[in-house]
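Work through the exercises below with the sequence and the model open. Each task is followed by a solution in steps.

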Amino acid sequence: LLSICRKYDARLLLNSAPATAVHFNVHGVHLNSPRLLQLSDRPLDKNFLVSASCHNVNELMHACRIGVDFIVLSPVRETASHPEATPLGWDRFSQLVGLSCIPVYALGGMAPQHLHQAWDSGALGVAMLGHVWSATNPADVVRQVFRQTDISG
């Protein structure tokens, strides 16, 4: 994966312990919410990216305090990967984004058609891996996003 990311100038973050990211010399780490809340400081120096999954104001504010680089805030909408989770909805999502001191991406039930709503709600963008991988043609989904952002695909 790392060699593919380097070929396309993409960044690889592992959803793992910070030490694992250092060990494999990847670009950073993604902290799930339990791992995030166990930390009292940013776990890696600024040579690494650090992101965090947040689901409520407590987690979001903690991510801001320790200085992660960005947050994925979820679930905005119902999602097949976490059917038991209560969606935030766009109004609550927007309120939480307004409290953040760092960039936030919308996660949970996202598809290309949600990109403008996410922007209008203060998000930097959307995370929609499930939608991409479950598509008949994942490249078509990516092209949809490019068309919405005036990037030729």
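**Exercise 1. Describe the largest pocket: its volume, its lining and the elements that supply it.**

Step 1. The largest pocket has a volume of about 1700 Å³. A pocket here is an open set of points on a 1 Å grid over the protein atoms alone, where a 1.4 Å probe fits, with protein on both sides within 12 Å along at least five of seven lines. The volume is the space filled by probe spheres set on the points, which are joined across faces, edges and corners.

Step 2. The lining comprises 44 residues, and Leu 107, Val 126, Ala 127, Met 128 and Leu 129 are the closest to the centre. A lining residue has an atom within 4 Å of a point.

The model is predicted: local features need pLDDT of at least 70, side-chain atom pairs count only at pLDDT 80 or more, and totals for chains, interfaces and linings use all residues. Residues are numbered from 1 along each chain as its sequence is written, and side-chain values use heavy atoms, with hydrogens and water left out.

Step 3. Elements that each supply at least two lining residues are helices H3 (33–38), H6 (115–120), H7 (129–134) and H8 (138–148), together with strands S3 (49–54), S4 (70–73), S5 (104–107) and S6 (125–127). H7 gives the most, with 5 residues. Helices (H or I, at least four residues) and strands (E, at least two) are DSSP runs, numbered from the N terminus.

Step 4. By type, the lining holds 26 nonpolar, 17 polar and 1 charged residues. Ala, Val, Leu, Ile, Met, Phe, Trp, Tyr, Cys and Pro count as nonpolar, Asp, Glu, Lys and Arg as charged, and the others, Gly among them, as polar.

**Exercise 2. Locate the largest nonpolar core and follow one of its members.**

Step 1. The largest nonpolar core has 38 residues, of which Leu 31, Cys 54, Val 68, Ile 71, Leu 73, Phe 93 and Ala 106 touch the most other members. Such a core is a set of buried Ala, Val, Leu, Ile, Met, Phe, Trp, Tyr and Cys residues joined through side-chain atoms within 4.5 Å. Buried means under 20% relative accessible area, exposed over 50%, and partly exposed in between (1.4 Å probe, protein chains only).

Step 2. Take Leu 73. Beyond its neighbours within four places in sequence, Leu 73 is in contact (heavy atoms within 4.5 Å) with Cys 54, His 55, Leu 60, Leu 88, Phe 93, Leu 96, Val 97, Val 104, Tyr 105, Ala 106 and Leu 107.

**Exercise 3. Which residues of helix H5 are buried, and what covers them?**

Step 1. In H5 (residues 89–99), Trp 90, Phe 93, Leu 96 and Val 97 are buried. These residues lie on the same side of H5 because they cover an arc of only 125° around the axis. The arc is that of the directions from the helix axis to the C-beta atoms.

Step 2. Asp 91 and Gly 98, on the other side of H5, are exposed.

Step 3. The cover over the buried residues of H5 includes helix H4 (57–66), S4, S5 and H6.

**Exercise 4. Find the unusual backbone geometry.**

Step 1. Most residues other than glycine have a negative phi, and most peptide bonds are trans.

Step 2. The bond from Ser 74 to Pro 75 is cis, with omega near -10°. Pro 75 sits in the loop between S4 and H5.

Step 3. Asp 9 is not a glycine, yet has a positive phi of about 55°. Asp 9 is in the loop between helix H1 (2–7) and S1, and is exposed at a relative accessible area of 59%.

Step 4. Asn 25 also has a positive phi, near 55°. Asn 25 belongs to the loop between H2 and strand S2 (28–31) and is partly exposed, at 48% relative accessibility.

**Exercise 5. Is Ala 52 buried or exposed, and which residues does Ala 52 touch?**

Step 1. Ala 52 is in strand S3. With 0% relative accessibility, Ala 52 is buried.

Step 2. Residues up to four places away in sequence aside, Ala 52 touches His 30, Leu 31, Leu 36, Ala 63, Val 68, Phe 70, Ile 71 and Val 72.
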